[in-house]
Amino acid sequence: MPRPRLSTADYINGIREGNRFVLSRAITLIESRLPADREQADAIIQTLLPESGKSIRIGITGVPGVGKSTFIERFGMLVTDYGKKLAVLAIDPSSPVTGGSIMGDKTRMEQLSHNPMAYIRPSPSGSSLGGVSRKTRETMLLCEAAGFEVIFVETVGVGQSETAVHSMTDFFLLLMLAGAGDELQGIKKGIMEMADAVAINKADGDNIKRAKIAQAEYRNALHFFPPKPYGWQPKVLTCSALEGNGLEDIWQMMQDYRRLTESNGWWERKRMQQQEAWLKELIAEQLLENFYGNMMVKTALQDKLAAIQAGRQHVPHAVADLMNLYREAQKHS
């Protein structure tokens, strides 16, 4: 038997009261592609918008095998021990074939998932840019309206997901490993430039010395990057999520960052940049949907692909023809 549909007022009141069941249903609503669900979700978000924005939004990414889930669980437990309500938005990679996703976050973070101060929401990334759920920003707003003071956004760690998460968070943490060969060899420059801090995980047992060496190497490497415009010098710390060592230092560093950027005006400025990035993302998304949803373009697209494959037309020329066709279609719509 299907569950009865909640009214918009039910959703708004439930979220304001911090009701997790209602919050989860609201997030499912904003992830829906049904027009009726989209309309209701927009109404909920519009009403709750003034009650959002008070959290610290922390993006967390890391190389494969870095122990990201263990780190998030132990670090999350620390945050809740400080009396903060925590929401973890873990973006699961979707299958490009079936659209299905692993959705294993609650099993990977069993202790945190049972913590009454924490809320974990895995979301399929779908086909959105960089593997980040297109609804993550709206989910964040709902969690903030529900009273969550700290938001973790975990990336899938592939492609452009780091860039997307960086554009929607206040602080971006890069987790790295020591003792895995040349630590600096495989690091993408762009990710290092985005990082507000690097945390070298698994600094325990026989790996402590290697972690200290890697820490010095990363500190040296960061000096080659241009300084942050908001006066923050990215930090490099070591930690052990397994043993819990160094996590308090990471949390205190994040508080120092917030105090600095709030005092010099960059906190608010970064929030405006997040809004601008969101605006541009949605415009691009709408344009793509309108372009590929146009019946004239759909028909012509297949002809153009056949012409390209047969060697009768150059790709840029085909694009120009399709764009001209789309503009003409828009004039008569």
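Is C143 buried or exposed in this predicted model? C143 is buried, because its relative accessibility is 0% and buried means under 20%.

**View 1. Two cysteines, C143 and C239, both count as buried.** C143 has a relative accessibility of 0%. For C239 the value is 2%. Both values lie under 20%, so both residues count as buried. Now look for disulfides. A search of the whole structure finds zero.

**View 2. The whole protein is a predicted model with 14 helices and seven strands.** The protein has 333 residues, and 49% of them are buried. Its accessible surface comes to about 17100 Å². Carbon and sulfur atoms own 57% of that surface. Now take the contacts with a separation of 6 or more. Residues 24 or more positions apart account for 75% of them.

**View 3. Confidence varies along the chain, from helix α1 to helix α5.** The average pLDDT of the protein is 87. A score of at least 70 is reached by 86% of the residues. Among the elements, helix α1 (residues 8-16) has the highest mean pLDDT, 98. Helix α5 (residues 105-108) has the lowest, 57. Two stretches deserve care. Over residues 94-104 the pLDDT is below 50. Beyond near neighbours in sequence, this stretch still has 18 contacts in the model. Residues 181-185 also have a pLDDT below 50. That stretch has nine contacts beyond near neighbours in sequence. Where pLDDT is low, predicted coordinates should not be read in detail.

**View 4. E138 and R38 form a salt bridge between two buried residues.** The whole structure holds 13 salt bridges. In this one, the side chains of E138 and R38 meet at 3.1 Å, N to O. E138 sits in helix α7 (residues 136-145), and R38 sits in helix α3. The two residues are 100 residues apart, so the pair links distant parts of the chain. Both partners are buried. A further residue joins in: R38, D42 and E138 are linked in a network of salt bridges.

**View 5. E281 and R137 connect helix α12 with helix α7.** Their side chains meet in a salt bridge of 2.8 Å, N to O. E281 lies in helix α12 and R137 in helix α7, so the pair ties together parts that are 144 residues apart in sequence. How exposed is each partner? E281 is partly exposed, because its relative accessible area is 34%. R137 is buried, because its value is 5%.

**View 6. D170 and R271 connect a loop with helix α12.** The salt bridge between their side chains spans 2.8 Å, N to O. D170 lies in the loop between α8 (161-166) and β5 (171-177). R271 lies in helix α12, so the pair ties together parts that are 101 residues apart in sequence. Both D170 and R271 are buried.

**View 7. L279, I283 and L287 make a nonpolar patch on the surface.** The patch covers about 290 Å². One of its members, L287, lies in helix α12 (residues 266-293). Is L287 buried or partly exposed? L287 counts as partly exposed, because its relative accessibility is 49%.

**View 8. K202 has a positive phi although it is not a glycine.** The phi of K202 is about 60°. K202 is found in the loop between β6 (197-201) and α10 (208-222). Its relative accessible area is 35%, so K202 is partly exposed.

**View 9. P50 and A145 are 95 residues apart in sequence.** In space, the C-alpha to C-alpha distance between P50 and A145 is 8.3 Å. Where is P50 placed? P50 is in the loop between α3 (35-48) and β1 (56-62). P50 is exposed, because its relative accessible area is 63% and exposed means over 50%.

Definitions and conventions: Residues are numbered from 1 along each chain as its sequence is written. This is a predicted model: local features need pLDDT of at least 70, side-chain atom pairs count only at pLDDT 80 or more; totals for chains, interfaces and linings use all residues. Side-chain values use heavy atoms; hydrogens and water are left out. A disulfide is a pair of cysteine sulfur atoms within 2.5 Å. Buried means under 20% relative accessible area, exposed over 50%, partly exposed in between (1.4 Å probe, protein chains only). Patches are made of residues with over 30% relative accessible area and no salt bridge: like charges are joined within 9 Å, nonpolar side chains (Val, Leu, Ile, Met, Phe, Trp, Tyr) within 5 Å. Accessible areas come from the Shrake-Rupley method with a 1.4 Å probe; for residues, only the protein chains shown count as cover. A salt bridge is a side-chain nitrogen of Lys or Arg within 4 Å of a carboxyl oxygen of Asp or Glu. Helices (H or I, at least four residues) and strands (E, at least two) are DSSP runs, numbered from the N terminus. pLDDT is the predictor's confidence in each residue, from 0 to 100. Contact means heavy atoms within 4.5 Å.
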